[in-house]
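Colleague: I would be grateful for a close look at a single part of this structure. Please describe one strand, its neighbours and the open space that the neighbouring elements help to line.

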Amino acid sequence: MKTIQSRARQTLLVFVAVTMTSVGSCALAAQGEVSGQTLTSNAFPVGSITVDAKFKYIGKSEFVLYDVADCEIHLFAQIENNVVQRYYWIQFEGYLPHKWFSSYNYGDDPQRVILGGHAFHERSWFTNVDERRKSMKPGSDSAAVLKLFDAKGYRVGPSVVQLRMVRLDESKRKELMIIYSENLALHGLTAADFAVGGKAAETKVAHLEGLRQRAVSGLKMEMK
């Protein structure tokens with residue numbers, strides 16, 4: 001009897017594991033819809049994000065990120081001569097059910113940005129896009145963004161500065177991530193110029209403050 005019960009428990013565990021794995025391999029239904037300059041969300045956070053008219057909608061990508069999270073990306077960009085000058089990368093992401101023990105942690109990123117009355121965790125960085133492509137992990141959200149631009153024949157970079165803004169739900173298992181990016185050529189600079197000893201190193205803080213202001217001013221958010 002004990003052997004039969006033990007086998008039954010093992011069978012049940014295998015069934016649950018297979019079921020959860022199957023759930024993790026399929027992307028969830030889309031939660032965002034774009035009309036003109038406005039992206040409307042029907043899940044966390046419910047509401048709308050309207051992007052400045054200078055930015056045109058490039059498209060979206062939906063996929064399972066590393067078999068752990070459902071990921072939906074929407075891109076709005078300002079393009080000149082097929083070169084991306086500025087863009088908003090808006091991403092809805094949430095852990096899949098089989099990752100029930102996982103949660104997001106942005107404790108190292110201060111909540112300095114306020115959008116639509118909500119505090120967002122913030123982090124910024126300078127990047128050489130061509131170098132970044134060489135080390136980019138296949139299947140990443142960054143790779144998905146570049147793929148969307150590549151498909152349109154738009155070039156990103158070679159150097160950009162980016163501001164990441166993240167808001168989490170109460171469970172910390174779902175997030176809204178917005179990345180605002182600028183081509184540093186607009187300022188006659190490169191990512192290397194902001195490194196220690198670079199010609200723009202002493203103006204780094206001021207440059208990032210201006211970046212934050214421009215990022216926030218290009219968005220209108222009405223979300224719960």
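Modeller: What follows is an account of strand β5 and its two partners, and then of the largest pocket. The model is predicted. Strand β5 spans residues 69–80 and is mostly covered, as ten of its twelve residues are buried.

On one side of the pairing stands strand β4, residues 56–65, which runs antiparallel to β5 and is joined to β5 by nine bridges. Within this pair, Lys56 has Ala77 of β5 as its bridge partner. The hairpin of β4 and β5 has three residues between the strands, and Tyr66 there adopts a positive phi near 55°.

The other partner is strand β6, residues 83–95, also antiparallel to β5 and connected to β5 through twelve bridges. Here Cys71 is matched with Glu93 in β6. Two residues separate β5 from β6 in their hairpin, and Asn81 in the turn has a positive phi of about 55°.

From β6 the description passes to the largest pocket, which holds about 480 Å³ of space. Two or more lining residues come from each of β6, β8 (118–128), α2 (129–135), α3 (141–152), β10 (159–168) and β11 (174–183). The greatest contribution is that of α3, with four residues. In total 23 residues line the pocket, and those nearest its centre are Trp89, Trp125, Asp141, Ser142 and Ile179. By class, the lining comprises 15 nonpolar, three polar and five charged residues.

Definitions and conventions:
Residues are numbered from 1 along each chain as its sequence is written. This is a predicted model: local features need pLDDT of at least 70, side-chain atom pairs count only at pLDDT 80 or more; totals for chains, interfaces and linings use all residues. Side-chain values use heavy atoms; hydrogens and water are left out. Buried means under 20% relative accessible area, exposed over 50%, partly exposed in between (1.4 Å probe, protein chains only). Two strands pair if DSSP finds at least two bridges between them. On a 1 Å grid over the protein atoms alone, a cavity is a set of points where a 1.4 Å probe fits but cannot get out, and a pocket is an open set with protein on both sides within 12 Å along at least five of seven lines; lining residues have an atom within 4 Å of a point. Grid points are joined across faces, edges and corners, and a volume is the space filled by probe spheres set on the points. Ala, Val, Leu, Ile, Met, Phe, Trp, Tyr, Cys and Pro count as nonpolar, Asp, Glu, Lys and Arg as charged, and the others, Gly among them, as polar.
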